[in-house]
Amino acid sequence: MADWRRHRILMVSDFFYPNFGGVESHIYYLSQCLLELGHKVVVMTHAYANRSGVRYMTGGLKVYYIPWKPFLMQNTLPTFYGTLPIIRNILIREKISLVHGHQAFSTLCHEALMHARTMGYKVVFTDHSLYGFADIGSIHMNKVLQFTLADVSQAICVSHTSKENTVLRSSLPPAKVFVIPNAVDTAMFTPAPERLKSDEIVIVVISRLVYRKGADLLVEVIPEVCRLFPQVRFIVGGDGPKRVRLEEMREKHSLQDRVEMLGAVPHARVRSVLISGHIFLNSSLTEAFCIAILEAASCGLLTVSTRVGGVPEVLPDDMVVLAEPDPVDMVRAIKKAIALLPRIDPQEMHARMKKLYDWRDVARRTEIVYDRALKCSNQNLLDRLSRYLSCGSWAGKLFCLVMIIDFLFWCLLKLLQPAADIEEVPDMVQFHHQDEEILMDDSQHQSSR
Amino acid sequence: MGDKQSGVHAKYDYIHDQESSPSPLDAHHVEVRRSGAKPVAACFFAALVSAYAFFAFYSKEKPNILAVWGIPLGALLMMKLCWRTVKKESVLIMPTFGVQLETHYRSGRIIRRFVPMGKILKPVLQECVTPVTCYWCLSLLLRDEEQLMLVFKEIRSPLKMLIPIWKALCAAADEGGGLEECGPDG
């Protein structure tokens with residue numbers, strides 16, 4: 001406790017509430033647990049529809065919804081330097097000590113990390129996804145990642161597979177990368193109070209119906225399973241471009257009474273859908289971690305999943321049946337899972353998940369990464385430029401030019417709006433009684449802790 | 001009599017006037033400190049635009065007729081900067097009666113807005129976020145209105161100046177709201 005240090009963290013990502021997903025949940029739960037540990041956490045994301053400005057969430061989590069509209073797949077328009085003024089403003093007014101960016105696909109994250117390094121802040125990056133190496137999109141994304149991570153203090157990946165993938169893509173030294181898996185809110189995802197009857201076996205699928213999530217595999221697997229096992233029926237939750245294919249499959253094989261399509265399922269209703277089934281089916285073609293199978297296991301469902309990415313690292317062998325991303329192997333796995341069902345105790349499975357995965361444990365481990373990042377030495381611009389030069393013969397020079405221009409813009413901003421003119425925000429301390437919210441100085445808060 | 005507080009911010013001065021007779025009036029003023037740089041720069045830029053337009057129009061080599069629009073444009077720019085330059089903004093609190101919000105421009109123009117006390121639900125301090133900056137502002141939550149009313153329309157004064165004004169408005173609104181709730185029967 002003597003070495004405990006209160007961090008003031010700025011979480012940055014294009015992906016946050018009101019959207020729901022793995023990255024969004026990760027940022028939210030991690031932030032809540034860090035607030036519980038006594039740190040200050042502020043989240044920065046782009047505006048969603050009418051949600052713009054400052055919002056406060058549970059536990060006093062402050063969120064800046066910057067009025068930069070998303071332009072492609074929820075990502076802010078990349079302007080390189082356009083976000084420098086607002087990011088500088090937030091870093092100074094909130095007295096931030098460390099910037100934590102999430103997700104390689106977030107342009108706001110990359111820009112924030114770049115500007116934070118220019119201004120001398122320590123940065124941590126968490127990668128939530130796996131990417132390829134061969135296609136044009138992946139090549140460009142990997143180059144951008146190489147640029148961002150060339151000067152990052154520490155990095156976090158959600159699985160060992162993800163760490164290997166990130167290290168190869170970004171040429172980051174493995175010693176700088178920590179593996180901290182995601183967790184699940186076991187208080188929210190609890191099994192059904194009464195065990196389901198086993199005369200009819202229900203297989204639940206909840207995912208975005210897109211190529212990456214293996215929706216095409218489902219089109220092959222579902223009819224075969226329905227043919228082999230007359231007692232099985234499916235519940236499919238989720239929406240996406242591949243939904244049409246599933247609807248067509250249902251019509252073609254006359255499975256309307258055995259395959260129920262729910263459409264998009266709000267996050268608050270996911271648990272109620274899960275507990276109506278015995279088996280959870282995940283057909284993703286790539287997953288760095290897969291929080292969905294954690295949620296299913298927490299609800300007491302036996303999981304059948306494709307053996308891709310970081311999935312084999314997530315659940316113990318007796319909670320999951322793995323298969324190759326191939327229809328024949330998946331049908332075999334479902335057959336095995338059906339045979340294993342009588343041995344599954346949902347309550348016991350839930351209790352084990354509570355011990356295995358806890359967001360508070362994730363927060364404590366992330367705290368260690370923050371401590372390590374803050375111990376990194378401060379480097380001036382010239383030292384940092386040498387790291388960018390090693391990114392490639394042409395790319396390295398381009399990256400250096402980008403960083404030099406960023407530095408010059410920062411110097412200009414310091415002249416136009418000195419840091420002394422940006423007033424610091426007093427910390428808001430929430431008490432249990434709603435009316436007793438007061439403003440405190442940082443020094444008062446430290447002494448009370 | 002006034003209680004002048006200056007030096008809290010490089011750009012603004014806060015003045016608090018409180019009169020008790022003949023009728024109580026609580027006046028809060030935020031004055032913009034005169035900066036020589038901005039009007040000089042603006043006039044220089046406007047003169048430059050006008051000069052370029054004049055030169056382009058009367059050029060012997062290739063007179064540009066369209067450049068004649070540069071002259072009134074430069075003049076408009078100078079007029080706008082002078083007309084729109086704010087001198088001070090004031091909040092005059094007349095207990096149980098209402099609040100008058102005033103914006104004084106250097107040209108002498110004054111814009112006044114009056115809000116009856118019963119109309120004010122709550123004064124609020126909030127953070128405004130733009131694509132390039134973030135600042136504090138003081139607004140009034142009004143009964144039966146969806147939009148907040150900004151107390152200071154033009155000036156972005158610091159939080160330390162807004163807090164005493166906010167407290168005074170809260171006190172006046174609570175007092176005025178209590179009397180309003182009594183209704184016609186007492």
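Here are some exercises with worked solutions on this predicted model.

**Exercise 1. Work out how chain A is divided, and how the parts sit relative to each other.**

Let's begin with the boundaries. Domain 1 of chain A takes in 8-183 + 360-437, while domain 2 covers 201-357. Domain 1 is thus written as two stretches of sequence, because its bounds are given as 8-183 and 360-437.

Next, the spacing. The C-alpha centres of the two domains of chain A lie 33 Å apart. They do touch: 13 residues of domain 1 are in contact with 12 residues of domain 2.

Last, the record. An unreviewed UniProt entry carries the annotation "domain: Glycosyl transferase family" for residues 193-339 of chain A. In the model, that span is 34% helix and 20% strand, and its end C-alpha atoms are 23 Å apart.

**Exercise 2. Take helix α2 of chain A: how many of its residues are buried, and what follows the helix?**

Step one is to find the helix, at residues 84-93 of chain A. Step two is to count: nine of the 10 residues are buried, so the helix is mostly covered. Step three is to look at who they are. Among them are A:Leu84, A:Ile86 and A:Ile87, but also A:Arg88, A:Asn89 and A:Arg93. After the helix comes A:Lys95, and its phi is positive, near 55°.

**Exercise 3. Compare A:Leu98, A:Thr366 and A:Leu72: is each one buried or partly exposed?**

Start with A:Leu98, in strand β7 (residues 98-102) of chain A. Its relative accessible area is 0%, so A:Leu98 is buried, the cut-off being under 20%. Leaving aside neighbours within four places in sequence, its contacts include A:Arg8, A:Ile9, A:Leu10, A:Val124 and A:Tyr370. For a sense of distance, A:Asp383 is 285 residues away from A:Leu98 in sequence and 20 Å away in space, C-alpha to C-alpha.

Now A:Thr366, found in helix α12 (residues 359-374) of chain A. With a relative accessible area of 2%, A:Thr366 is buried too. Beyond its neighbours within four places in sequence, A:Thr366 is in contact with A:Leu30, A:His100, A:Ile156 and A:Ile180.

Finally A:Leu72, which belongs to strand β5 (residues 70-72) of chain A. A relative accessible area of 48% makes A:Leu72 partly exposed. A:Leu72 also helps make a nonpolar surface patch of about 420 Å², together with A:Phe71, A:Met73 and A:Leu77.

**Exercise 4. Go through some salt bridges and say which parts of chain A each pair joins.**

First, the idea: side chains of opposite charge can pair when their charged atoms come close. A search of the whole structure finds 30 salt bridges over all chains.

- Pair one is A:Arg387 with A:Asp151, whose closest N and O atoms are 3.0 Å apart. A:Arg387 is in helix α13 (residues 381-389) and A:Asp151 is in the loop between α4 and β9, so the pair ties together parts 236 residues apart in sequence. A:Arg387 is partly exposed at 26% relative accessibility, whereas A:Asp151 is buried at 1%.
- Pair two is A:Arg233 with A:Glu260, at 3.7 Å between the closest N and O atoms. This pair links distant parts of the chain, 27 residues apart: A:Arg233 in strand β12 and A:Glu260 in strand β13. A:Arg233 is partly exposed at 22%, and A:Glu260 is partly exposed at 36%.
- Pair three is A:Asp361 with A:Arg365, with 3.5 Å between the closest N and O atoms. Both lie in helix α12 of chain A, four residues apart, about one turn of the helix. A:Asp361 is partly exposed at 30%, and A:Arg365 is partly exposed at 33%.

There is also a network of salt bridges, linking A:Arg6, A:Arg8, A:Lys40, A:Lys62, A:Arg93, A:Glu94, A:Asp427 and B:Glu127.

**Exercise 5. Draw up a quick profile of chain B: how many helices and strands does chain B have, and what share of its residues is buried?**

Begin with the elements: chain B has three helices and nine strands. From the N terminus on, they run β-β-β-α-α-β-β-β-β-β-β-α.

Then look at burial and surface. Of the 186 residues in chain B, 36% are buried. The accessible surface comes to about 11,400 Å², and 61% of that belongs to carbon and sulfur atoms.

To finish, consider the contacts in chain B with a separation of 6 or more: 42% of them are between residues 24 or more positions apart.

Key:
Residues are numbered from 1 along each chain as its sequence is written. Chains are lettered from A and ligands numbered from 1 in the order in which they are written. This is a predicted model: local features need pLDDT of at least 70, side-chain atom pairs count only at pLDDT 80 or more; totals for chains, interfaces and linings use all residues. Side-chain values use heavy atoms; hydrogens and water are left out. UniProt positions are given in the numbering used here, feature names are shortened, and annotations may be inferred rather than shown by experiment. Helices (H or I, at least four residues) and strands (E, at least two) are DSSP runs, numbered from the N terminus. Patches are made of residues with over 30% relative accessible area and no salt bridge: like charges are joined within 9 Å, nonpolar side chains (Val, Leu, Ile, Met, Phe, Trp, Tyr) within 5 Å. Accessible areas come from the Shrake-Rupley method with a 1.4 Å probe; for residues, only the protein chains shown count as cover. A salt bridge is a side-chain nitrogen of Lys or Arg within 4 Å of a carboxyl oxygen of Asp or Glu. Buried means under 20% relative accessible area, exposed over 50%, partly exposed in between (1.4 Å probe, protein chains only). Contact means heavy atoms within 4.5 Å.
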